[in-house]
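Q: Please take a close look at the aromatic rings in this structure. Which of them pair up, and how are they placed?

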Amino acid sequence: MEPALNAFDFAPVWLTLRLATTTTLLLLLIGTPLAWWLARTSSWLKIPIGAIVAMPLVLPPTVLGFYLLMSFGGRSPLGQWMQAQFGLSLSFSFSGILLASLVFNLPFMVQPIQRAFEAVAEDLREAALMSGL
């Protein structure tokens with residue numbers, strides 16, 4: 001008897017690919033400007049925002065997930081507002097795992113890019129600006 005390949009459920013594979021692709025694209029759109037701002041700003045907000053970005057590195061994933069569920073769940077004010085305004089429920093949905101993935105992976109995107117922006121010498125940036133690049 002030949003093994004049935006049709007019995008394999010590809011739904012988790014497609015979900016994982018969709019999540020990975022969407023997370024990567026959104027992290028590029030959010031993380032790169034945030035990293036540039038953190039590298040170049042002298043605002044007093046740099047330290048608190050940098051700490052918020054780094055928070056997933058110090059919190060255990062279960063604690064981070066619990067905080068996200070409590071913040072965006074159906075019983076929280078923010079979760080109720082999102083449900084009323086956009087019909088969006090983040091608990092146990094693709095949008096919810098996308099948000100969790102974005103929050104968890106943000107420091108892994110922002111911090112290396114921020115360090116790269118900080119490594120560019122100021123005189124090199126000024127020369128590029130003067131030459132129109």
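A: Here is a look at the rings, followed by the chain that carries them. This is a predicted model, in which local features need pLDDT of at least 70, side-chain atom pairs count only at pLDDT 80 or more, and totals for chains, interfaces and linings use all residues. Residues are numbered from 1 along each chain as its sequence is written, and side-chain values use heavy atoms, with hydrogens and water left out.

The whole structure holds four aromatic pairs. Rings of Phe, Tyr and Trp (its six-membered ring) pair if their centres lie within 6.5 Å; planes under 30 degrees apart are stacked, over 60 edge-to-face, the rest tilted. One of the pairs joins F8 and F10. Their centres lie 4.9 Å apart and their planes meet at 75°, an edge-to-face pair. F8 is exposed, at 51% relative accessible area. F10 is partly exposed, at 43%. Here buried means under 20% relative accessible area, exposed over 50%, and partly exposed in between (1.4 Å probe, protein chains only).

F66 and Y67 also pair. Their planes stand at 50° with centres 6.2 Å apart, so this pair is tilted. F66 is partly exposed at 46%. Y67 is partly exposed too, at 45%.

Another ring meets a charge. R18 places its charged end over the ring of F94, 3.7 Å from the centre. That term requires NZ of Lys or CZ of Arg within 6 Å of the ring centre and within 35 degrees of the ring normal.

Now the chain. Of its 133 residues, 22% are buried. Its C-alpha atoms fill a box of roughly 70 × 45 × 30 Å along the principal axes.
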